[in-house]
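This briefing is meant to be read slowly, with the sequence and the three-dimensional picture side by side. Please look at the picture before turning to the points that follow.

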Amino acid sequence: MRTTVFVILFLFGFCCNNLFAQKRLPNVVLNKLDGTVVTTNDISGNDTVVLSLWSTKCVPCKKELRAINKVYNEWHKDTGVKLYAVAIDNAKEKSTIRKMAKQGDWDFDVLLDDKKKLKKALGIRAVPLTLIIKNNKIVYRQVGYTTGSEKKLFRMIK
């Protein structure tokens, strides 16, 4: 009986993940910290990219970004993947975001979703949310962060 329940739950989780997996990334306008305007289509194109949606008030978000920053150069060298940390904070938090990126010596780009357009378009309820995008399609979605989950994320990128 336990095995049957486990198999059903496993298959349900697998099917639900695959139902979401190939959803098209909505084209949304975001800003870089320097004020440059970019769209999600601009940054994803035909490449594999990782979008990490986070907030300055979210402790797991900051832990995830610190952990990823430690291995990001290796990820980029091995796979060519590019990571964008998308802050969903209000515009008034821009200086805090900039300070965190500078203090953390982040090697990846930081984008601002201060109008929450990407957050709304994706129906995000909680952060951190990390997406792997390939050809403008969401191929993997990870909600939350636990120590070591960046290793699973890298396996999914490969």
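Which exposed residues does the face of H4 turned away from its buried side carry? On that face stand Lys99, Lys102 and Gln103, and each of these is exposed. The model is a predicted one, and the points below move from the chain as a whole to its sheet, then to H4 and to the disulfide.

**The chain as a whole**

- The chain contains 6 helices and 8 strands, and reading along the sequence gives the pattern α-β-β-β-α-β-α-β-α-β-α-β-β-α.
- Of the 158 residues in the chain, 42% are buried.
- Among the contacts in the chain with a separation of 6 or more, 72% are made by residues 24 or more positions apart.

**The sheet and its strands**

- The sheet is open and has 8 strands, which are arranged in the order S1-S8-S7-S4-S5-S6-S2-S3 with mixed pairing.
- Strand S1 (23–24) and strand S3 (37–39) are at the edges and have a single partner strand each, so one side of each lacks a neighbour in the sheet.
- Strand S2 (residues 29–32) runs antiparallel to S3 and is joined to S3 by 3 bridges, with Asn31 having Val37 in S3 as its bridge partner.
- S2 also pairs with S6, again in the antiparallel sense and over 2 bridges, and here Lys32 stands opposite Leu111 in S6.
- S5 and S6, by contrast, pair in the parallel sense, over 4 bridges, and in this pairing the bridge partner of Val86 is Leu111 in S6.

**Helices that pack on the sheet**

- Helix H4 (residues 94–103) packs on the sheet, where it touches strand S4 (48–54), strand S5 (82–87) and strand S6 (109–112), and the direction of H4 makes about 170 degrees with that of S6.
- Helix H6 (residues 149–157) packs on the sheet as well, touching S4, strand S7 (129–134) and strand S8 (137–143), and the direction of H6 makes about 165 degrees with that of S8.
- S5, H4 and S6 together make a β-α-β unit, and this unit is right-handed.

**The two faces of H4**

- Ile97, Met100 and Ala101 are the buried residues to look for in H4.
- Seen down the axis of H4, the buried residues fall within an arc of 95 degrees, so they line one face of the helix.
- A general rule helps in reading such a pattern: an α-helix has 3.6 residues a turn, so residues three or four places apart point the same way.
- The buried residues of H4 pack against S4, S5 and S6, and they also pack against helix H3 (59–79).
- The face turned away from this buried side carries Lys99, Lys102 and Gln103, which brings us back to the opening question.
- Just after H4, the backbone at Asp105 takes a positive phi of about 50 degrees.

**The disulfide**

- How many disulfides does the structure hold? There is 1 disulfide in the structure, and it is formed by Cys58 and Cys61, whose sulfur atoms are 2.3 Å apart.
- The link of Cys58 and Cys61 is right-handed, with 80 degrees about the S-S bond.
- Are Cys58 and Cys61 buried or exposed? Both Cys58 and Cys61 are buried.

Technical notes
Residues numbered from 1 in each chain as written. Predicted model: local features only at pLDDT ≥ 70, side-chain atom pairs only at ≥ 80, totals over all residues. Heavy atoms only, no water. Pairing = 2+ DSSP bridges. Contact = heavy atoms within 4.5 Å. Axes fitted to C-alpha atoms, helices over the stretch in contact; angles between N-to-C directions. Buried < 20%, exposed > 50% of the residue type's maximum accessible area, 1.4 Å probe, protein only. Arc of directions from axis to C-beta. Disulfide = S-S within 2.5 Å. Right-handed = clockwise from strand over helix to strand, strands pointing away.
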